[in-house]
Amino acid sequence: MKRSIRFVSLVLAVLLLLPVSMSAQAEKTSGVVRVLLTRLKVTDQVEISLDGSYTLNEIAFQRGSHLTVSCAKNELYVYYEGMSMKLGKQLTLVRHAVEDGQENGVRFNGSFELHPGDIRMTALNGTIRTVLHSPVEEYLLGVVPYEMSDSFPLEALKAQAVAARTYALKRTNSAKDYDVEDNTNDQAYYGVKAQNKNAARAVQETAGQCGFYKGSMADCYYSASNGGQTELASHVWGKENPGYLIMTDDPYDMQNPESVVRRARLPKELKSNDDLGALKEPILSALSELLESRGYDGDMEQIQVVGILDAETALPKYHDSPSQIMTLLRLFLKVQARKLVTSEPLADEEEISIFTVIDDEAPLPTATSAPSPIPGEKWTAPEVLPEPVLVTLDIFPLVEKALNLSINSGSNELITVKETAASFNLEARRFGHGVGMSQRGAQCMAGLYRWTYDQILRFYYPGMQLETVTYTASLAPKLDSRFLTTPGPAATPTPRPTVMPVNSTPGPEEYRVKVTNIGENSYLNMRAQPSTQSDVIRLLYYGQELIVTHEDGDWLTVRTDDLNGFVMKEFVNKAE
């Protein structure tokens, strides 16, 4: 009950101290985001399905047309219905307006996801560089459900939509030929799937809303999980810390059971040094030096760690803030070792004179003669040291790597120690850079505490204002349908093939599936091998039945009446 009261108090404090204003309108912008498409892994050829209304150099294409774009000798070629066009270094597929409710975009290489917008392709070093010019509201349909999940609470998705919109528009008009990449360098963009309805609603209900700070669009950074404390931009990128990106504790991220946590256990009582696991060698190495300096045997095989009396993290990585990133692990160990007593004196009869008497008849020593005995060492029986021995280990990268606590590529996890009756448990938290909004924190705020999206945003970006931008860009005018059917330079596209009949009966271990998880105007690649790099042996259209003969991970071995091949499992469902 006390914990709940603390959370409510924190909510009230946030609401009182961090107001967010909502103005009717802010600045005007084209609203078009140029997205560098890297996830397609396009090299020197790409298949394009025009599931919308497009023109290329004033050649109009009917919906459902298929183009092949190739790069040869660093120039682009387009192949369409037996016609080929050499277009030089660059081409642009221009999207035109369509009737409301119709799909209007392209699909690449038979993928299910729709990419709405103009397509700019450039020949670059023998490959095809592809940039999508997408209106930001459509672009967000391919971002929000992948940066979060479509299953997240609606208010969390709305907070994500505002943050992602602000992030993208802040970067428009770049001097480069693109504004953002479709990967974690900027924001994850996979294209649009119609089934992501919650994300689409979140985008629609926050349309145009962006974050502003002191009259300028904010940098709405966010990450999956901050581990319980937001991070400063200066720590991550060396940038100045704006007033709306602060370091503060985040109990909502900590409370979310879906926040990423990695754990390791150090037992208090040890039967052997092997119980130290991957820390055995660094701990014994440190003990060897310490014990030897105190007169004990430094041989690691003679040292036994009997138990761990205490464990703690220490030394913050940053001293300009209350950062919880610690760099040292301190272990107070109960150690058993043997101690040096004395050295054996030489025997009386072996006393050596400084004068040497030479006997001419005595034989000279040979090279194989045994050497004179050296003083021996005596040790006590192994005993437990009266005081704990402190061993300090670097968390990054030694402890983190040894105990498999690493979550990120950098050294920014928040690692804490929790004591139980039998062990000390290390926990590592933070997935991502930790600056700005935590997606797991937002999920908890919206789902458990019923916060609205503006309350979530004012917690993570205190002092930021929400304003609505106006977009100036518009689609190219709708194409006259009569023009599309009038003979001209563009060949009339061949009608889409119908599905193939599958009349054979499945065997005892076989079953039927149907291609359903693609757009009705798209197609699925049937490949020669279970790999996206394998040759396409046939295009399968929506509704096509197949017989599955074998399952292997993400791939199905399938057959029709006349063909065997492989398809990805995610694009089919069992036939009724």
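**Exercise 1. Classify Asn-256 as buried or exposed, then find its place and its contacts.**

Step 1. Asn-256 has a relative accessible area of 7%. Buried means under 20%, exposed over 50%, and partly exposed in between, with a 1.4 Å probe and protein chains only. Asn-256 is therefore buried.

Step 2. Asn-256 sits in the loop between helix 7 (251-255) and strand 17 (261-267). Helices (H or I, at least four residues) and strands (E, at least two) are DSSP runs, numbered from the N terminus.

Step 3. Leave out residues up to four places away in sequence; Asn-256 then touches Arg-440, Gln-443 and Cys-444. Contact means heavy atoms within 4.5 Å.

Conventions: this is a predicted model, where local features need pLDDT of at least 70, side-chain atom pairs count only at pLDDT 80 or more, and totals for chains, interfaces and linings use all residues. Residues are numbered from 1 along each chain as its sequence is written, and side-chain values use heavy atoms, with hydrogens and water left out.

**Exercise 2. Describe how helix 10 packs on helix 11.**

Step 1. Helix 10 (residues 439-448) and helix 11 (residues 453-460) pack at about 140°, with axes 10 Å apart. Axes are lines fitted to C-alpha atoms, for helices over the stretch in contact, and angles run from 0 to 180 degrees between N-to-C directions.

Step 2. Angles under 35 degrees count as roughly parallel, over 145 as roughly antiparallel, 65 to 115 as roughly perpendicular, and the rest as oblique. Helix 10 and helix 11 are therefore oblique to each other.

Step 3. Gly-441, Ala-442, Met-445 and Ala-446 of helix 10 meet Ile-456, Phe-459 and Tyr-460 of helix 11. By class, this contact has six nonpolar, one polar and no charged residues. Ala, Val, Leu, Ile, Met, Phe, Trp, Tyr, Cys and Pro count as nonpolar, Asp, Glu, Lys and Arg as charged, and the others, Gly among them, as polar.

**Exercise 3. Apply the steps to helix 4 and helix 11.**

Step 1. The angle is about 55°, and the axes of helix 4 and helix 11 are 8 Å apart. Helix 4 and helix 11 are therefore oblique to each other.

Step 2. From helix 4, Glu-155, Ala-156, Lys-158, Ala-159 and Val-162 meet Tyr-453, Ile-456 and Leu-457 in helix 11. By class, the contact of helix 4 with helix 11 has six nonpolar, no polar and two charged residues.

**Exercise 4. Find the largest nonpolar core and the residues with the most contacts inside it.**

Step 1. A nonpolar core is a set of buried Ala, Val, Leu, Ile, Met, Phe, Trp, Tyr and Cys residues joined through side-chain atoms within 4.5 Å. The largest has 76 residues, and Met-121, Tyr-139, Met-437 and Tyr-461 have the most contacts inside it. Helix 4 (residues 154-170) gives the largest share of this core, ten residues.

Step 2. A second, separate core of 37 residues includes Leu-279, Tyr-318, Ala-337 and Ile-415.

**Exercise 5. Locate a cis peptide bond and two positive phi values.**

Step 1. Most residues other than glycine have a negative phi, and most peptide bonds are trans.

Step 2. Phe-396 and Pro-397 are joined by a cis peptide bond, with omega about -5°. Pro-397 lies in helix 9 (residues 395-402).

Step 3. Lys-41 is not a glycine, yet its phi is about 55°. Lys-41 is exposed, at 67% relative accessible area.

Step 4. Asn-74 has a positive phi of about 60°. Asn-74 is partly exposed, at 24%.
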